[in-house]
Amino acid sequence: MRASPESRAAAGIAVTASTATPAPLLPRRRRATFLPFAPPLVGQEEIDEVVDTLRSDWITTGPKTRRFETEFAAYLAAPGALALNSCTAALHTALVTLGIGPGDEVVTTPMTFAASVNVIEHTGARPVLVDVEPDTLNLDPRRLESAVTARTKALLPVHYAGHPADLDAIREVAAAHGLAVIEDAAHALPARYKGRLIGSGPNPVAFSFYATKNLTTGEGGMLTAEPALLDRARVVSLHGMSRDAWRRYDQGGSWHYDILLPGFKYNMTDIQAALGLRQLEKLASFQRRRRQVVARYGEGFADLDALELPVERPDVEHAWHLYALRLRPETLRIDRDRFINELAARHIGTSVHFIPIHLHPYYRDRYGYAPQDFPVAWSNYGRLLSLPLNPRLTDDDVSDVIAAVRDVVRVNRR
Ligand SMILES: *Cc1c(COP(=O)(O)O)cnc(C)c1O
């Protein structure tokens with residue numbers, strides 16, 4: 001049973017504005033069906049490949065997983081790739097492989113999904129948050145120097161919404177202090193920073209194939225890095241078993257294995273890889289569609305001073321995982337939560353990326369954060385919402401989103 005707002009308030013649980021604000025009036029015009037925020041786009045090709053896998057003798061990690069790693073690495077011109085069961089697993093594996101643990105510090109951003117920071121906690125290291133840039137909402141490299149201490153071991157930037165973080169400035173700080181750079185590229189497939197694809201360098205970069213991401217295997221992830229690091233990561237990610245022990249049921253494989261460390265169970269299955277292989281073939285066309293939708297949103301909202309549109313800096317190629325709008329509160333009579341309710345009443349699904357890490361009870365209480373400790377993340381959070389952006393959107397769907405947003409702005413203009 002869900003607690004009422006009153007009982008939640010009595011229990012000291014924050015009652016959000018979305019439960020406290022009245023339901024919006026029914027708009028005069030709305031589309032007939034609800035437009036979901038980010039449904040997956042899976043075709044007959046993926047279905048056939050999964051069925052083929054199920055009819056084969058390899059349903060866990062096997063030849064398709066290996067092929068997916070090879071083809072993914074080739075797609076990005078990455079030095080190597082390790083397929084795992086999530087981006088969270090890829091980040092955790094990278095941290096552990098680099099030997100990060102209790103007493104260490106890892107610097108990251110508050111403008112991310114909790115997984116980026118939870119994995120730092122899992123290692124026993126301390127996550128150190130650094131505020132974000134006002135335009136991209138990516139970790140602000142100018143604030144890094146003051147966050148680095150003698151205990152700092154790594155920097156963990158997140159390419160927010162698919163817009164690459166300022167990697168040159170981040171690498172400069174890393175080089176000056178001998179730090180690793182682990183990139184959370186859950187949103188950044190495919191994205192380019194100064195001409196180079198994210199994931200093509202030697203440092204660990206973690207991708208997500210979660211159901212809502214630009215490429216999906218239902219659940220899944222990939223770690224790219226130089227081969228020597230991946231060799232160790234492969235052991236860490238599969239029980240700590242000696243290399244290639246996964247082949248032990250193969251003809252000519254040996255029953256023998258050694259446990260070299262207490263590793264994890266993070267391997268990808270061939271069922272997931274079957275989806276990934278077919279999705280990868282479609283990624284370029286998915287991205288073309290995402291860019292078309294972004295261009296139409298840009299035209300459709302250009303004249304609305306109530307909206308701040310997402311940026312794409314000239315030296316990057318955006319992966320456009322998210323279309324994160326920011327409201328200009330001084331122009332509107334309603335807040336962000338009400339804006340979302342008004343769009344839902346017009347049958348448009350939206351989301352918010354993200355509730356900044358330092359506002360979550362665990363991190364707030366453990367590290368004693370106040371909302372204003374990261375003022376850029378905090379102030380932008382209050383006016384952020386993400387519109388549907390996915391390759392399933394039809395031209396009519398995009399028109400419906402634009403019309404609904406324009407209607408909400410028109411009706412609620414200050
Ligand atoms: C989705 C996401 C993750 C986690 O990805 P999983 O594959 O679900 O583990 C990590 N970081 C960010 C920024 C994400 O959006």
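This tour moves from the ligand site to a salt bridge and then to some backbone features of a predicted model.

**The ligand and its shell**

Begin by selecting the ligand together with the residues around it: 15 residues surround the ligand, and the closest are Thr-88, Asp-184, His-187, Ser-208 and Lys-213. If you colour this shell by residue class, you will find six nonpolar, seven polar and two charged residues. With a pocket surface switched on, note that the space taken by the ligand is the second largest pocket.

**Polar contacts of the ligand**

Next, show the side chain of His-187, where an N or O atom is 2.6 Å from an oxygen atom of the ligand. Then add Lys-213, which places a polar side-chain atom 3.2 Å from an oxygen atom of the ligand. For Cys-87, display the backbone, since the contact to look for there is between a backbone N or O atom and an oxygen atom of the ligand, at 2.9 Å. On its own the ligand has 380 Å² of accessible area, of which the protein covers 92%.

**A salt bridge along helix 4**

Leave the ligand and select Arg-66 and Glu-69, whose side chains meet in a salt bridge with an N to O distance of 3.1 Å. Both residues belong to helix 4 (residues 63-76), and because they are three residues apart in this helix, about one helical turn separates them. This pair can be viewed against the total for the structure, which holds 32 salt bridges.

**Two cis peptide bonds**

Now turn to the backbone and select Leu-189 and Pro-190, which are joined by a cis peptide bond with omega of about -10 degrees. Pro-190 lies in the loop that runs between strand 6 (183-184) and strand 7 (192-193).

Move on to His-353 and Phe-354, where the peptide bond from the former to the latter is cis and omega is near 0 degrees. To find Phe-354, follow the loop between helix 10 (336-345) and helix 11 (361-367).

**A positive phi**

Finish at Ala-161, a residue other than glycine that nevertheless has a positive phi, near 65 degrees. Ala-161 is located in the loop between strand 4 (152-156) and helix 7 (167-177).

How values were computed:
Residues are numbered from 1 along each chain as its sequence is written. This is a predicted model: local features need pLDDT of at least 70, side-chain atom pairs count only at pLDDT 80 or more; totals for chains, interfaces and linings use all residues. Side-chain values use heavy atoms; hydrogens and water are left out. A residue is near a molecule or strand if one of its heavy atoms lies within 4 Å of it. A polar contact is a pair of N or O atoms within 3.5 Å; within protein, one must be able to donate a hydrogen and the other to accept it, and residues adjacent in sequence count only if both atoms are side-chain atoms. Accessible areas come from the Shrake-Rupley method with a 1.4 Å probe; for residues, only the protein chains shown count as cover. On a 1 Å grid over the protein atoms alone, a cavity is a set of points where a 1.4 Å probe fits but cannot get out, and a pocket is an open set with protein on both sides within 12 Å along at least five of seven lines; lining residues have an atom within 4 Å of a point. A molecule sits in a cavity or pocket if more than half of its atoms lie within 2 Å of its grid points. Ala, Val, Leu, Ile, Met, Phe, Trp, Tyr, Cys and Pro count as nonpolar, Asp, Glu, Lys and Arg as charged, and the others, Gly among them, as polar. A salt bridge is a side-chain nitrogen of Lys or Arg within 4 Å of a carboxyl oxygen of Asp or Glu. Helices (H or I, at least four residues) and strands (E, at least two) are DSSP runs, numbered from the N terminus.
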